[in-house]
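Student: I am new to this structure. Please pick one enclosed space, look at it closely, and then work outward from there.

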Amino acid sequence: MKILINALGADVGGAANHLSHFLPALAQIKTENQYWILAREKFADLKLKDDFQFIFQSSKHSKNFFHRFIFENFAIARLIEIHQIDILVSLTNFGPIKPKVPHIVFQRNPLYFSKWYRKNSQGKSKIENLLRAQLVHQIMKNSKKVVTPSHSMEKMILETFPDLQNISFQTLYHGIDIQEPPQPLSFQNMKLFQGEHFKILYPTLAAFHKGIFLLFDTLRSLKLSFSKPFKFYLTFSEQDAIQSYAHLPLPSDWKDLCRHVIFMGNQPQSQMKAIYQSSDLMFYPSLCESFGFSMVEALGAQLPIVAADTPINREICQKSALYFQWNAPDTAAQQIQQVFEQPEIRNTLIEQGQKALLTFDWSWKRYCFEFENICNGLKAPRVAA
């Protein structure tokens, strides 16, 4: 069977991390399928076996939403004819509205389906999000299967678009390299983690829906109640943090709050395991996720978690985190303090995290076998042009 994987939306963050792990793992399993990978030219360094052929597109054009829309709705149809494709798989939310072959679309962006985001976003971002949500809706209506990285994501979609109840959905949890040994901290990061202070990590890209504003509100509360020295370690720059406030006013005590923050800047994935292991707790105020790689990675590093009380965070962390309501930063600060002051709570969270990891196979090999089963389950004759 010939499968075209549309990965044009993979650029940075979780989507790029997913693609750079998924494709090499897929190439390692025994398959009778042939794959064509439509991706940005930045992934040209990925070397796969002969059953995998890349079709590269300019990153400059792929970043432009209009260019992507035209390409996915016209050029992909031509690629399907040229290569006699049997199944199209779109990995990042979008694809052709009326595909010529059975279409499997992966929904990975929760912003299109989040009640919280629709209520709290404003201006241009709100309008763009609503329009893209309607486009995604049409794409899903004409697909054979919608794949989500969590059950919570599927529920969000169906609550937003109940007319999709008759579409086939399937949850496919992401793969994570939990057992892979960490690389040592870089010299620069080693200096950042020196000291006896309590180290609180939030590994993410800076964005409004990631709850950056909630993090700084929690920091303010913690600063007033916590007598021990502490630092928040953030994997983005201060400028990124400021921009993530979007329509919210920047706190008047910003400079004072930042005395308790280490802005590490964007970190390569190869450093993340050592960063987790160098931290004392992961704080996860993100309010809108489809999966949350960071939560599973933190569990793998035996790091206790304090997280916003959302369905996806509870689905992934289960009993291995303390939870707080998104509008209760005082509660979040109290829970961080509990983890520091009460070793029995910290140990219980770590033990529960290990139990959660053992109940499921998080490997990329498992992910790829499930992916192939999804594709093979849609074998069908091609639609004539």
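Tutor: The largest cavity is lined by F65, R68, F69, E72, N73, F94, G95, I97, L135 and I139. A cavity here is a set of points, on a 1 Å grid over the protein atoms alone, where a 1.4 Å probe fits but cannot get out; a residue lines it with an atom within 4 Å of a point. The model is predicted, so local features need pLDDT of at least 70 and side-chain atom pairs pLDDT 80 or more, while totals for chains, interfaces and linings use all residues. Residues are numbered from 1 along each chain as its sequence is written, and side-chain values use heavy atoms, without hydrogens or water.

Start with the walls. The elements that give two or more residues to this lining are α3 (65–83) and α5 (123–141). Helices (H or I, at least four residues) and strands (E, at least two) are DSSP runs, numbered from the N terminus. The largest share, five residues, comes from α3. By type, the lining of the largest cavity divides into six nonpolar, two polar and two charged residues. Nonpolar covers Ala, Val, Leu, Ile, Met, Phe, Trp, Tyr, Cys and Pro; charged covers Asp, Glu, Lys and Arg; the others, Gly among them, are polar.

Now the volume. The largest cavity holds about 50 Å³ of space. That volume is the space filled by probe spheres set on the points, with grid points joined across faces, edges and corners.

How many cavities of 30 Å³ or more does the structure hold? There are two. The second largest holds about 30 Å³ of space. Its lining is A7, A10, A15, H18, L19, L91, T92 and R108. Five of these residues are nonpolar, two are polar and one is charged.

Follow L91 out of that second lining. L91 is in contact with F22, along with I5, W364, Y367, C368 and F371, leaving aside the neighbours of F22 within four places in sequence. Contact means heavy atoms within 4.5 Å. F22 sits in helix α1 (residues 13–28). Is F22 buried or exposed? F22 counts as buried because its relative accessibility is 0%. The cut-offs are under 20% relative accessible area for buried, over 50% for exposed, and partly exposed in between (1.4 Å probe, protein chains only).

One step on is E372, in helix α16 (residues 364–376). E372 is charged by type, yet it is buried, with a relative accessible area of 7%. Beyond four places in sequence, E372 is in contact with L26, I29, K30, T31, N33 and Y35.

Back to the loops. N93 lies between β4 (87–90) and β5 (103–106). Phi of N93 is near 75°, a positive value in a residue other than glycine. Most residues other than glycine have a negative phi. A246, in the loop between α9 (238–244) and α10 (254–257), also has a positive phi, near 50°. The two residues differ in burial: N93 is buried, at 9% relative accessible area, whereas A246 is exposed, at 53%.

Next, the packed interior. The largest nonpolar core has 70 residues, and among them I200, F216, F232, F283, I305 and I336 touch the most other members. Helix α8 gives the most to this core, with seven residues. A second, separate core of 33 residues includes F22, I29, A39 and L172. A nonpolar core is a set of buried Ala, Val, Leu, Ile, Met, Phe, Trp, Tyr and Cys residues joined through side-chain atoms within 4.5 Å. Nonpolar side chains tend to be buried together in soluble globular proteins.

Look at α8 itself. It covers residues 212–225, 14 in number, and reaches 20 Å from its first C-alpha to its last. The expected span is 1.5 Å times one less than the number of residues. For α8 that expected value is 20 Å, and the helix comes close to it. Which residues of α8 are buried? They are I212, F213, L214, L215, F216, T218, L219, S221 and L222. Of these, F216 touches L234, Y245, W254, L257, C258, V261 and F263, not counting residues up to four places away in sequence.

End on a strand. L201 lies in β8 (residues 198–202). L201 is buried, at 0% relative accessible area. With residues up to four places away left out, L201 touches Y233, I275, Y276, S279, L281, M282 and F283.

Key. 1 Å grid on protein atoms, 1.4 Å probe; cavity = no way out; pocket = protein on both sides within 12 Å on 5 of 7 lines; lining within 4 Å.
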